[in-house]
Amino acid sequence: MKKRRLSLLLSLFLLAGCAPETPAPTPLPTPAVVTEMRGVWLSYLELDAILQGDAATVRDRLDRVMDTCVAQGINTVFYHARAHGDAYYPSAVYPAADALVGVALDPLAYAIEAAHRREIALHAWVNPYRLGNAPPADTTGAFVHEAVWYHDPSSEHARQLVLAGVRELLERYPVDGIHFDDYFYPSGLGATPQPFETVPEGSDVAVWRTQQVNGLVSAVWGLCRREGRVFGISPPGTAAQCRAVYADVDTWLRTPGYVDYLCPQLYTGFDHSTAPFDALLAQWGALPRHREVTLYVGLALYKAGLANDPYAGAGAGEWAASHDILARQVIALRQQEGVAGFVLFRYDYLCREETAREREALQALM
């Protein structure tokens, strides 16, 4: 608990110091569709810190977040509306996140207002299946794997619950889109039917699981399309990793009716021994893609200045030795046909001293 309190205090300090004091900006219209995505993920880790305090304090912190984004050239924020089967907004579908309890403010509503005043788009970021370490109050359509609870993608109850949460976001808030990330079936689940699922006799388990995820993805896309918003997914960094968790990126890219964009998480450097960034970028660029589906790239701002990237092999020290990796990655993705922007993981690292040199090199390209 002491470490958690210390981390929270540090996050509050960083959030308070990221941006200069500025007067409230003049209201501006909702932003138009951006030509190049320059996004950042605002995760539940940041929101846990932001939501400490009274309504005025929370509003001030959210304003500072958006001011920092403007200063850094960011035009799209992905607000973590649901991280572990909980809600970082007042929800009638999901229980409130612990940090939201007692907050006399709808932080999502204010974040959208603050973003749109600055001509920043804001998308509601949802983890559709991950529920966290504690069992949910209602375990119908849920299962536990390696001490983590998940919605069962094959459960109609779970599917309707996820859709109800998405519908609530679309109907109650002027979000610019809905965004899923990389939590689908957990990895290492096993290739045979599990106790929580009923696979029809004679069915290929992998194909059947993929169909369960595809059903939800297509339904969410339909909800977003009817409401005039976009829907996208940020899957794992390689197509093989996606297929291992039954995320059917091949179909989503080449077939209309599933997503408006994909944003694979390419969190490696150029010197990574087994998955160098340029090779991953080329692989994604080579996948067949329908003209209606856009491709963005997730970039690892959190690795800037990292002394040891443990899975990078010979490139383990690259992030400490170089200070323009992200800038070179943006140059590379701009040269890759079909890639229309990037998203940085995550907001807190826009404020950290150890990322300053990488951010300066990147900002020169914004």
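Two strands are said to pair if DSSP finds at least two bridges between them, and in this predicted model that criterion leads from one strand to the next around a closed barrel. Eight strands make up the barrel, in the order S1-S2-S3-S7-S8-S9-S10-S11, and their pairing is parallel.

A convenient place to enter is strand S1, which covers residues 37-42 and has five of its six residues buried, so that the rest of the structure largely encloses it. On one side S1 pairs with S11 in the parallel sense over four bridges, and there Met-37 has Gly-341 of S11 as its bridge partner. S1 also pairs with strand S2 (residues 76-82), again in the parallel sense and over four bridges, with Trp-41 bridged to Phe-78 of S2.

Further along the order, strand S3 (residues 121-126) and strand S7 (residues 177-180) are joined by four bridges in the parallel sense, and Val-126 finds its bridge partner in Phe-180 of S7. Helix H4 (residues 107-117) packs on the sheet here, touching S2 and S3, and its direction makes about 150 degrees with that of S3. Helix H5 (residues 156-172), in turn, lies across S2, S3 and S7 and runs at about 145 degrees to S7.

Helix H9, formed by residues 277-286, has Phe-277, Leu-280, Leu-281 and Trp-284 buried. Viewed down the axis of H9, these buried residues fall within an arc of 100 degrees, and they therefore line one face of the helix. An α-helix has 3.6 residues a turn, so residues three or four places apart point the same way. The elements covering the buried residues of H9 include helices H7, H8 and H11 as well as strands S9, S10 and S11.

Conventions:
Residues numbered from 1 in each chain as written. Predicted model: local features only at pLDDT ≥ 70, side-chain atom pairs only at ≥ 80, totals over all residues. Heavy atoms only, no water. Buried < 20%, exposed > 50% of the residue type's maximum accessible area, 1.4 Å probe, protein only. Helix = DSSP H or I, 4+ residues; strand = E, 2+ residues; numbered from the N terminus. Arc of directions from axis to C-beta. Contact = heavy atoms within 4.5 Å. Axes fitted to C-alpha atoms, helices over the stretch in contact; angles between N-to-C directions.
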